[in-house]
Amino acid sequence: MAASMRVVGLSLSRSSNSFKTVYVSQRCYLSAEAATKVPHENTARQMQTFASLQTERQEEASRTVLINCPKGVNEKKFIKYLSRYGTVKKYFFYETYIDQQLNTLTEEYQLTEENIRLRFLVCSLVKDITSAYFPECSVKPFGSSVNSFGKLGCDLDMFLDLDGISGKNTGKASSPFAIEFQMKRVPSQRIATQNILSVIGECIEQFGPGCVGVQKILNARCPLVRFSHQPSGFQCDLTANNRIAIKTSELLYIYGNLDPRVRPLVFSIRCWAHIHGITSRIPGAWITNFSLTMMVLFFLQKRNPPIIPTLDQMKNIAGAEDKCTIEGHDCTFSSDLSKMKLAQNTEMLDNLLLEFFTFYGNFAFSKASINIRKGKEQNKPESSPLHIQNPFEQELNISKNVNQSQLERFVNLARDSAWMLQQDTVCSPSRSESHPWGLAALLLSSALQSGSKGKRRKQREPASERIKFLLESLKTKQTNKSDLNLSHSNGKNSATES
Ligand code: CTP
Ligand code: MG
């Protein structure tokens with residue numbers, strides 16, 4: 001509370017016994033309410049003359065104080081505390097510079113509404129082909145196309161859902177053996193799935209409009225048909241008999257929408273990993289985006305207080321309508337966001353980014369398994385370098401492909417990134433145009449890239465250039481703003497506002 005006392009002194013000296021507008025800076029998470037208020041005001045202002053706008057801004061500034069809200073202090077309590085000294089009519093919490101970078105990156109790279117619609121349209125086109133054999137089937141997108149973590153350019157994962165066909169055609173309830181009723185007798189469901197995908201793959205290759213480069217990858221753990229859909233530019237993976245993955249997508253979607261910090265953190269870390277060659281589109285011993293997302297979620301469950309609940313907690317609040325078992329696996333969890341007690345954690349994104357790197361830079365990967373169901377490290381049941389338990393098929397390790405050297409690259413990069421974020425010079429915009437700062441420094445640093453192979457780095461240059469441009473434009477915006485409005489202390493936390 002010592003810091004707040006200082007703050008109150010500031011407000012009283014500004015305006016003898018009350019203040020009308022309090023713009024509270026930094027160390028409180030930007031509330032949605034505040035985020036919408038300001039653009040609305042700006043729109044109204046566009047109608048004003050230059051002179052009246054300047055006057056209004058000056059008057060507003062004279063009624064405004066800037067208050068530093070210490071890290072970890074609850075926003076509502078903070079405002080309540082300030083209200084003891086006068087009526088607070090208006091306030092907002094604004095983000096640190098690095099927080100803005102994370103949010104900007106997410107806004108620029110997330111799937112647009114049009115792109116999502118196009119993904120559903122391609123599924124519908126594929127369904128037109130598959131329904132020649134299975135009239136009642138459906139083709140559904142899953143994975144990052146729908147789980148709220150999709151980045152422009154991500155692949156389109158599709159699931160050919162044959163469930164219920166048998167029920168409709170025969171009048172029997174659907175069962176795990178439903179597909180076999182559509183087939184001549186085959187020894188296993190896996191073979192049935194392979195046969196179906198083989199035929200469908202053939203049809204897509206021969207008749208699929210705009211579908212090229214069809215590959216049947218039927219011996220994979222999860223058999224699939226891969227092809228490019230030229231008109232949309234999507235790389236498509238069609239699977240069948242994969243209903244658990246739809247449930248996983250729903251779970252990630254819920255996590256992505258539970259707290260406004262989840263998506264920017266996942267996006268930025270995925271971006272960081274991609275640029276430094278930790279993840280790759282090419283299958284191999286790399287960490288995948290899916291694994292990385294699980295690592296971020298686990299980290300958020302481990303914060304004190306936690307930012308998101310564990311899967312077991314979500315199961316405990318589930319109602320009868322949420323009950324779900326797929327192929328013997330319990331996939332029950334509550335999908336009702338309102339039942340979830342939202343976290344009281346008020347950490348800022350810049351701190352979470354730093355803590356993520358510190359957490360995994362020191363994680364006991366040799367002994368511990370990452371488990372979002374429990375939200376706690378478990379003993380590793382097998383010797384893979386990285387063990388991340390599949391949330392529903394609990395016997396599976398989703399990162400079984402990752403080898404020791406890829407894990408070490410991730411750990412080293414995480415440590416270097418944590419170190420870099422702790423340097424004062426990196427945390428705020430520098431006056432020099434040529435020096436990237438914050439997230440841009442992490443994404444562009446050649447020191448961090450020393451772990452990557454030169455050839456791979458070269459291939460990634462265009463992406464990093466685009467990100468550099470994006471973040472630099474933000475930097476310019478911020479620098480201008482600081483020239484006009486900010487009384488710059490540590491680059492993060494003091495401002496006057498209009
Ligand atoms: N999946 C899984 N177990 C794995 C790999 C994938 O359950 N070992 C499921 C997840 O639901 C995942 C989906 O399959 O979201 C699609 O996998 P993938 O395309 O690899 O991941 P995405 O989440 O779609 O991420 P990206 O943007 O890289 O495509
Ligand atoms: Mg995908």
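Which residues in α5 meet which residues in α10? Keep that one in mind while we look at how the two helices sit, and remember throughout that this is a predicted model. Helix α5 covers residues 97–109 and helix α10 covers residues 262–275; their axes come within 8 Å and cross at roughly 80°. An angle like that makes α5 roughly perpendicular to α10. As for who touches whom, α5 brings L102, N103, L105, T106 and Y109, and α10 answers with R263, P264, L265, F267, S268 and C271. Sorted by class, this contact has 7 nonpolar, 3 polar and 1 charged residues.

Now for the sheet. Five strands are arranged in the order β4-β5-β8-β7-β6, in an open sheet with mixed pairing. At the edges you'll find β4 (138–142) and β6 (211–217), each of which pairs on one side only. Ignoring direction, neighbouring strands here are turned by 25° against each other on average. Zoom in on β5 (residues 156–161) and β8 (residues 234–240): these two pair in the parallel sense, over 5 bridges. One spot to click on is M158, whose bridge partner in β8 is L238.

Helices pack on this sheet too. α8 touches β5, β6, β7 (224–229) and β8, and its direction makes about 160° with that of β6. Helix α9 (residues 243–258), for its part, lies across β4 and β5 and runs at about 45° to β4.

Let's stay with α8 for a moment, which spans residues 189–207 and holds A192. Is A192 buried or exposed? It counts as buried, because 23 C-beta neighbours fall inside 10 Å, and the cut-off for buried is 20 or more. A192 and A240 are 48 residues apart along the chain, yet their C-alpha atoms are separated by 9.8 Å.

Just along the chain, N241 lies in the loop between β8 and α9. Its phi is near 55°, a positive value in a residue other than glycine. N241 counts as buried, since it has 23 C-beta neighbours inside 10 Å. S148 is another residue other than glycine with a positive phi, near 80° in this case. You'll find S148 in the loop between β4 and β5. With 17 other C-beta atoms within 10 Å, S148 is partly exposed. For context, most residues other than glycine have a negative phi, and most peptide bonds are trans. On the peptide-bond side, look at the link from N304 to P305, which is cis, with omega near 0°. P305 is found in the loop between α11 (289–301) and α12 (311–316).

One more helix pair to finish. How do α13 and α14 cross? Helix α13 (residues 349–361) and helix α14 (residues 404–421) have axes that come within 8 Å and cross at roughly 140°. That angle makes α13 oblique to α14, as the roughly antiparallel label is kept for angles over 145 degrees. The crossing in which α13 passes α14 is left-handed. On the α13 side the contact is made by L353, L354, F357, T358, Y360 and G361, and on the α14 side by V411, A414, R415, S417, A418 and L421. Broken down by class, the contact of α13 with α14 has 8 nonpolar, 3 polar and 1 charged residues.

How values were computed: Residues are numbered from 1 along each chain as its sequence is written. Chains are lettered from A and ligands numbered from 1 in the order in which they are written. This is a predicted model: local features need pLDDT of at least 70, side-chain atom pairs count only at pLDDT 80 or more; totals for chains, interfaces and linings use all residues. Helices (H or I, at least four residues) and strands (E, at least two) are DSSP runs, numbered from the N terminus. A residue is buried if 20 or more other C-beta atoms lie within 10 Å of its own, exposed if 12 or fewer, and partly exposed in between; C-beta atoms are placed from the backbone. Two strands pair if DSSP finds at least two bridges between them. Axes are lines fitted to C-alpha atoms, for helices over the stretch in contact, and angles run from 0 to 180 degrees between N-to-C directions. Two residues are in contact if their C-beta atoms, placed from the backbone, lie within 7 Å. Angles under 35 degrees count as roughly parallel, over 145 as roughly antiparallel, 65 to 115 as roughly perpendicular and the rest as oblique. A crossing is left-handed if the near helix is turned anticlockwise from the far one by less than a right angle, and right-handed if clockwise. Ala, Val, Leu, Ile, Met, Phe, Trp, Tyr, Cys and Pro count as nonpolar, Asp, Glu, Lys and Arg as charged, and the others, Gly among them, as polar.
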